[in-house]
Amino acid sequence: MRMIDLIHKKRNNESLSKDEIEFIISNYVSDNIPDYQMSALSMAIFFNGMNDDEVANLTHAMAFSGETVDLSPIKGIKVDKHSSGGVGDKTSLIVLPLVASVGVPVAKMSGRGLGHTGGTLDKLEAIEGFKIELTNKEFIDNVNNVGMALVGQTANLVPADKKLYGLRDATSTVDSIPLIASSIMSKKIASGADAIVLDVKVGSGAFMKTIEEARKLGSIMVSIGKSLNRNTVAVLSNMDEPLGHEVGNANEIMEVVQVLKGQGEKKLTELSLTLASHMAVLGGKFDSYDEAYAEMSKLIENGQAINKFKEFISAQGGNPEFVDNLDKLPQAKNHFEIVSPKDGYVGFIDAEKIGLAAMMAGAGRKTKADPIDHSVGITLKAKTGDKVAKGDILAILHCNSEDSESKTLILDAYEISNEQIESKDIVFDVIS
């Protein structure tokens, strides 16, 4: 088998067999296939796509290209959750305590943020003492005893994806739906989950800009999951504006607490309950989504969800005192108010610009090596559809510098209209 023949085959829009795809991935990981040939294949896939069997076979080959996580010592159906990334997306830290509270085990591996999107690990490190690195035994024990654990991804998990993603980033082939789907699902398969709930973001702050693109991606990932014996559900959610009112690491931890105490922003709460309910159904705890949603809502009302969150923080070495005293979270020195230049209504908030403003002020990183300032963040005081007068506060930038560039970006992110625009629903569709 020769790589040049396989490139030629895909260039001519022919299908690659399971054996051919396994040959490509195993030899690429072993450095027997050079980057220039893999780049050519990626571009051929970008233009010609892949059928469902090809995507499933690519996902399987990538998932087993390195180490895999054995979750068999954990009792019950293990359900994982993945978000395709967005601004202000702290749903994992709300969803996991809810799901764990009803006895569905969640053993989750997460990543760090890069660019305008935040990372769950970065948020957790805003908590004093919290450990994102656990031994395999500690990880398993925490899930069995607490119902949940969350750690960083192991270095040898899905090495094919690490190599291929870097190449795609440098060759303008990132936005290929078959390659996106296999990248996401290979990591979920390798992480050992029995079932998967996907939060596919749609809008200005997401990778998928239209519902049609998101629906296609969601459908392919659900198909991949089922073909590899993982029950999978995809929820398409709105990322036309930042999720919730807080962006930035300590800021978002604060908002997690507010939601789990029943004081959270309506749409963020709704999305979190939606994701948690689908996970609970896949975990076998409820027969219907409606039944699960009603029960999840009660867990917030009766305090079980916030108590489970405290238990999770303590189990991973964190100090849970901040839950009842949010001032114990990292605090920025400066707080700059960004005000409306005129009367009107908030017609649009560019989520990507808000994310970039937070990153430039220190809440995110341009490269993987950049340090994070956990105290930096943005509070959105006005959301889409809100009426504002000239001089009203649109947002507050919390930072430790004078950062005029971030202030300008935040103001540019807000579009003030003369007529009121209805805010879109948070959940667009569910694919199962």
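Is Asn 229 buried or exposed, and what is its relative accessibility? This is the opening point of the exercises below, which concern a predicted model.

**Exercise 1. Classify Asn 229 and Asp 31 by accessibility, and describe their backbone.**

Step 1. Asn 229 lies in the loop between helix H10 (211-227) and strand E5 (231-238). Its relative accessibility is 70%, and the cut-off for the exposed class is over 50%, so Asn 229 counts as exposed.

Step 2. Asp 31 is placed in the loop between H2 and helix H3 (35-48). With a relative accessible area of 58%, Asp 31 is exposed.

Step 3. For the backbone, the background is that most residues other than glycine have a negative phi. Asp 31, although not a glycine, has a positive phi of about 65°, and the phi of Asn 229 is likewise positive, near 65°.

**Exercise 2. Describe how helix H2 packs on helix H8, and state the relative orientation of the two.**

Step 1. Two packed helices are described by the angle between their axes and the distance between the axes. For helix H2 (residues 18-29) and helix H8 (residues 159-170) the angle is about 85° and the axes are 9 Å apart.

Step 2. Angles of 65 to 115 degrees count as roughly perpendicular, and H2 and H8 are therefore roughly perpendicular to each other.

Step 3. On the H2 side the contact is made by Ile 25, Tyr 28 and Val 29, which meet Pro 159, Ala 160, Lys 163, Leu 164 and Leu 167 in H8. Sorted by character, the residues of this contact are 7 nonpolar, no polar and 1 charged.

**Exercise 3. Carry out the analysis for helix H5 and helix H11, including the handedness of the crossing.**

Step 1. Helix H5 (residues 91-101) packs against helix H11 (residues 249-260) at an angle of about 40°, with the axes 9 Å apart.

Step 2. The crossing in which H5 passes H11 is right-handed.

Step 3. Leu 93, Ile 94, Pro 97 and Leu 98 of H5 meet Ile 253, Val 256, Val 259 and Leu 260 of H11. The residues of this contact divide into 8 nonpolar, no polar and no charged.

**Exercise 4. Explain why strand E1 is regarded as largely enclosed, and identify its pairing with strand E4.**

Step 1. In strand E1 (residues 79-83), 5 of the 5 residues are buried, so the strand is largely enclosed by the rest of the structure.

Step 2. The burial extends to both faces, with Val 79, Lys 81 and Ser 83 buried on one side and Asp 80 and His 82 buried on the other.

Step 3. E1 pairs with strand E4 (residues 195-202) in the parallel sense over 5 bridges, and within this pairing Lys 81 stands opposite Val 197 in E4.

**Exercise 5. Place Ser 417 within its sheet and its surroundings.**

Step 1. Ser 417 belongs to strand E12 (residues 414-417). The open sheet has 3 strands in the order E10-E8-E12, with antiparallel pairing. Strand E10 (387-388) and E12 are its edge strands, each pairing on one side only.

Step 2. Between strand E8 (residues 344-349) and E10 there are 2 bridges, and Gly 344 stands opposite Val 388 in E10.

Step 3. The relative accessibility of Ser 417 is 13%, so this residue counts as buried. Leaving aside residues up to four places away in sequence, Ser 417 touches Gly 344, Tyr 345 and Gly 347.

Step 4. Helix H16 (residues 404-413) lies across E8 and E12, and runs at about 40° to E12.

Definitions and conventions
Residues are numbered from 1 along each chain as its sequence is written. This is a predicted model: local features need pLDDT of at least 70, side-chain atom pairs count only at pLDDT 80 or more; totals for chains, interfaces and linings use all residues. Side-chain values use heavy atoms; hydrogens and water are left out. Axes are lines fitted to C-alpha atoms, for helices over the stretch in contact, and angles run from 0 to 180 degrees between N-to-C directions. Helices (H or I, at least four residues) and strands (E, at least two) are DSSP runs, numbered from the N terminus. A crossing is left-handed if the near helix is turned anticlockwise from the far one by less than a right angle, and right-handed if clockwise. Contact means heavy atoms within 4.5 Å. Ala, Val, Leu, Ile, Met, Phe, Trp, Tyr, Cys and Pro count as nonpolar, Asp, Glu, Lys and Arg as charged, and the others, Gly among them, as polar. Buried means under 20% relative accessible area, exposed over 50%, partly exposed in between (1.4 Å probe, protein chains only). Two strands pair if DSSP finds at least two bridges between them. Angles under 35 degrees count as roughly parallel, over 145 as roughly antiparallel, 65 to 115 as roughly perpendicular and the rest as oblique.
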